[in-house]
Structures are given as C-alpha cells and as structure tokens.
Amino acid sequence: MIAVINFGGQYCHLIARKIRELGVKAEIFSHTISVQELKKLNPDGIILSGGPASVNQKDAPKMDLKILDLGIPVLGICYGMQLIAKGLNGTVDKGPSKEYGKSIISVKGKDPLLKGLKKEQVWLSHFDTVKKAPKNFVVSSSTKTCSISSMYSPSKKLFGLQFHPEVHHTPNGKKILSNFLKECKAKKDWNLSSAIKGIQKEIKQKTGKEKIIMGVSGGVDSLVASVLIHKTIPGQLFCVFIDNGLMRKNEKTYIESLYKKMKFRHFFSVNASEEFLSALKGVFDPEEKRKIIGHTFIEVFEKKAKELELKHGKISFLGQGTIYPDRIESAEPSKTTSKIKSHHNLTLPEKMSLKLVEPLREFYKDEVRELGKTLKIPQDALQRHPFPGPGLGVRVLGEVSREKLEILREVDFIFIDELKKNNFYSKTWQAFAALFPVKAVGVKGDEREYSFVVALRAVNSVDGMTADWTRIPDKLLEKISSRILNEVNGVSRVLYDISQKPPATIEFE
Ligand code: XMP
C-alpha cells in the first residue's frame, strides 16, 4: 500500500487513482497523521501531495518530520517536495515569478524516478521553489526558470518533484510514478477481481448470519453495493426501494425490473408518494423541502424495517453505497466551506442503531462502474447520470404538486429520450429538466396559451463540484424543444440553462 498524505492539493485524489491504475493500493491520509499511526499501517511508500499554502507561512500544514526517517521511500510532489527541503534544512523561497502550466525539464544524473528521460514536458503550478537542496540530495532536473525541478537522496530514498506527475499534462508522469513504486518494491496486487474476493470475505466475516437492510435508489453506488452483498449472502439482504412520488417517468418499473432481472431474493418497493406529497404541501422553501423529504424517507424506511423484522426476525446491519471520496470528504471537512445545500442521503444508523456495511468504501466512482461490469450489471444501469436523493422535489421549483410533477416527468422524459436517440446521453455528465413556478404566454393553434416555463440543464463535470454547461448542438436542442412544446400539455416555454457552477449549482434548488 502507498500512503498519500494530503496537504490540501487539488490533485490528491488523482495521485491515489494513478497509483491504483498501476496496480498498487493507495490510500489518502490527513497530514496530521502521526509517525506511529503511519508505521502501524506499514506502507511500502509514502507520497506527500501538493497544496495551496507556502511552507514558509506560519499556519502552513505541517507533518511529523520523523516520517522521513522511517526508512520507507518518500516522494514529495510540489508542496511535498518543499516540505522535505525545508524540513531537512534546505532553503525554500519565492521564485522569480509564478510558474503555471506546461514546461520542459532537462534531466541530469541518475535519478531512478527519471530513468530513461532527458527533455520532458511536465506540468507545474507553483510560486515557491527550492533554492537550496538539503545536504546529501542530488539535483536531477531543472527548467528555464526553476533550477531545482527535482531532487533525491540516494541513501535515504527520499524524492522530490516540483512538477505534477499525476496530471495528464505530464505525459510521462505515470512512468515516473511507476519508477517510484519500483523503488518502494510495492507488490502490484490491486485489481478488481482480487478486490471483489476481499470484499466478499469481509462482508461474510462482519455479518455472520445476521440480516442487512438497504435502501436502494437505482443509482450506481447503491446498485453495485447491493449486488455485491447479494452475491455474497443472498438470503440475508433485504432491499427497500421507496417510491416517494418524486421519481422520473417509468423509474419505479425500471428499478423493479432491474432487481428482478438480477434475481434479488428480498426486494421490496414501498409506495409512499402520498406521505411525501402531503408533507410537501404548501412548502416553498428549498431547504425546508429537502429536510421534509429526508425526514419522510427515514420514517417510511423505519416503518418498513419494523415490518420486515416482525416477519423475518432481527435486522442488525444497514448496507450503504458510500464510496471513497464520500469518506474522505466527510472525514476532513473544510473549515472554510459553507453549506450550500443539505444533500439528502439515507443516513439512518444513529437513530436505528444499526451497524454499517459499506462494501464500496475503498473505491472511486469509475472503479465502482468497473466493479459493476465485472459483476455483470447491465451497462445502461452503470452509466446512468447522477440523480439527487430528493428527486423531482428539487426540480419542481417552489411548491410541489402532482400536476406539476406530471408535466415535469414528460418534459424530462423527452429530453433524455432525444439525448439517447442522438447518442448524446453519454457525452454529457448529467442532464435533466426543471419546472419553474411561473407561467408565460404562448400561442398554440389559434389559441392563446398561458402555461408553465421549463428549463433544460445539461452539464459537463468530473465530480459535480464544478460544472460547465454542455454545448448541445442547435439542431438537437431545436428537436427537443419542438417535441416538448408539441407533446406536453401545460408548457409554453423551453429554456436552456447556460450557467456554470460556480456560481450556479447543478440543481436549481
Ligand atoms: P449541486 O446542485 O449541489 O449538485 O451542484 C451536485 C451534484 O449532486 C447531486 N445532488 C444530490 N445528490 N442527494 C444526492 O445524492 C442530494 O440531496 C443531492 N442534491 C444534489 C446533483 O444532482 C449533482 O449531480
């Protein structure tokens, strides 16, 4: 295992992903990890990530410098390299100017990480620079403006790169990371089939003969997690799908038939649309709507759990589709981030005193999709766009009603249908429609029409944190708009949202 220590760099996840792609397990830890904790984990190598601070700042994130004496190879990237330099009595200071973007390094000497490389394109993003390498370090490359773009200590196996080997714009970056793994003598035993076997063993050990309940939504994470648990202990898993009346067109049928196709032994769908819609009556505020939907979910879920316990006996575990980035983000909340929206997911354990089973807790989204493929889950189910927990409840802006939901379902269906028919669904990260709480005038036939305004939104994103609007071809937009206006009663205008996130968010509420 390679331990990646996070100093707040935006590419920290990318480092872990690249190491995993090279066949070695990588895990991310906070920079506050102590040398004792790290030693217990027994990593083959340690990578210190980049970060936005300057090592010379008073409040800069630090690390336990004894980590450099463990005899374990350490690679410092950007800020990580500067930390090594400063920690071992080298000098770090501001460079002549900020170096940002592509650059060329000239390699000299025999740095094992840069083996076989001479003049290389790399990607840099830094202000500070190492002015003087620590004693016994060899400088192994430079750029026009940065005289120490890499350095290493042959005796201690400490390496520093001022540039980022983990990004796409360093074409030989993967080779450099692979060279580091060789220095670590790390075994390349991280692959999905071995991972599945490991997870199944863990599920069995943890749950024994006890029962698990799991809320499933049709989303990729809960789907793959439930299939993994089901394949391991089919008779012990009870999946519950709650139809809250805020689902898209045909969603209930789709999810029911998907789970039927996969031969789940205990799959229950609960029709709770009445509970949700009456709780939402007269509510306009988005945050309040989110809270009501979240609470109602818990109530309905608890009721179903009790009913199942009466029939099948005690349920001790709650299965969840938590993935690796979810954990990292919740373990290290940023003091500076303010709450934008209260995201709704099924978080019940505290109240229900259930123990957790989270089979995907070690994986990234694309790995989850790969796992799903290995588990023979239908491809279309694995490639679905994200869908928010509160569903159409946050896409009917303002007060929700059955009539508005019906209109929105039809509009959304046409939009997605056309994207799929025109091979555009997979070209955008997420696409959906929303219904505004205003009406506008139109003319249909010879009649004046006064009806709802709808918006279409499609975005390109990597992780939903930032997003740009998708450039859907004019002709396709025209077709979609014309179908909506002709086929859906109650809509007089179709708008296309061209807001980026930030400052907008992906959903409207
Ligand atoms: P925002 O609107 O915050 O959305 O820019 C970012 C991504 O998160 C999805 N989203 C949610 N997902 N529960 C979820 O599981 C929620 O409450 C929720 N709200 C937003 C949104 O669809 C987008 O993919």
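**Group meeting: helix contacts, a sheet and some salt bridges**

Okay, let's start with a helix pair: Lys18, Ile19 and Glu21 in H1 are in contact with Lys174, Leu177 and Leu181 in H4. Sorted by type, the residues of that H1 and H4 contact come out as 3 nonpolar, no polar and 3 charged. Just so everyone is on board, this is a predicted model.

How do the axes of H1 and H4 sit relative to each other? They come within 10 Å, and they cross at roughly 70°. Anything from 65 to 115 degrees counts as roughly perpendicular, so that is the label for H1 and H4.

Some of those residues turn up again in the electrostatics. Salt bridges with shared partners link Lys174 and Glu21 with Arg17, Arg20, Asp366 and Glu367 in one network. Over the whole structure, the search gives 32 salt bridges.

Let me pick out a few pairs. In H14, which covers residues 402–421, lysine 421 bridges to aspartate 417, with 3.0 Å between the closest N and O atoms. The two are 4 residues apart in that helix, so about one helical turn separates them. Are the two partners buried or exposed? Lysine 421 is exposed at 57% relative accessible area, while aspartate 417 counts as buried at 18%, because the cut-off for buried is under 20%.

Glutamate 418 has a partner too: the side chain of lysine 479, at 3.5 Å from N to O. Here lysine 479 belongs to H15 (residues 474–487) and glutamate 418 to H14, so this salt bridge ties together parts 61 residues apart in sequence. Glutamate 418 is buried, with just 3% relative accessible area, and lysine 479 is partly exposed at 43%.

One more pair, this time in H7, residues 251–261. Lysine 252 and glutamate 256 form a salt bridge at 3.2 Å, N to O, and they are 4 residues apart, so again about one helical turn. Both ends are partly exposed: lysine 252 has a relative accessible area of 30% and glutamate 256 has 26%.

Now the sheet. It is open, mixed in its pairing, and has 9 strands in the order S2-S1-S3-S4-S9-S8-S7-S5-S6. S2 (26–30) and S6 (119–132) are the edges, each pairing on one side only. From one strand to the next, the twist averages 20°.

At the S2 end, S1 (residues 2–6) runs parallel to S2, joined by 5 bridges. Isoleucine 5, for instance, has phenylalanine 29 in S2 as its bridge partner. And H4 is back here: residues 173–184 pack on the sheet, touching S1, S3, S4 and S9, with a direction at about 140° to that of S3. H3 lies across several strands, including S4, and runs at about 115° to S4.

Last bit, backbone oddities. Most residues other than glycine have a negative phi, and most peptide bonds are trans. Cysteine 78, sitting in the loop between S4 (74–77) and H3 (79–87), has a positive phi of about 55°, and at 5% relative accessibility it counts as buried. Lysine 376 also has a positive phi, about 65°; this residue is in the loop between H12 and H13 and is exposed at 73%.

And which peptide bonds are cis? Lysine 501 to proline 502 is one, with omega near -20°, and proline 502 to proline 503 is another, with omega about 10°. Proline 502 lies in the segment after S18 (491–496), as does proline 503.

Notes:
Residues numbered from 1 in each chain as written. Predicted model: local features only at pLDDT ≥ 70, side-chain atom pairs only at ≥ 80, totals over all residues. Heavy atoms only, no water. Buried < 20%, exposed > 50% of the residue type's maximum accessible area, 1.4 Å probe, protein only. Pairing = 2+ DSSP bridges. Axes fitted to C-alpha atoms, helices over the stretch in contact; angles between N-to-C directions. Contact = heavy atoms within 4.5 Å. Parallel < 35°, antiparallel > 145°, perpendicular 65-115°, else oblique. Nonpolar A, V, L, I, M, F, W, Y, C, P; charged D, E, K, R; others polar. Salt bridge = Lys/Arg side-chain N within 4 Å of Asp/Glu carboxyl O.
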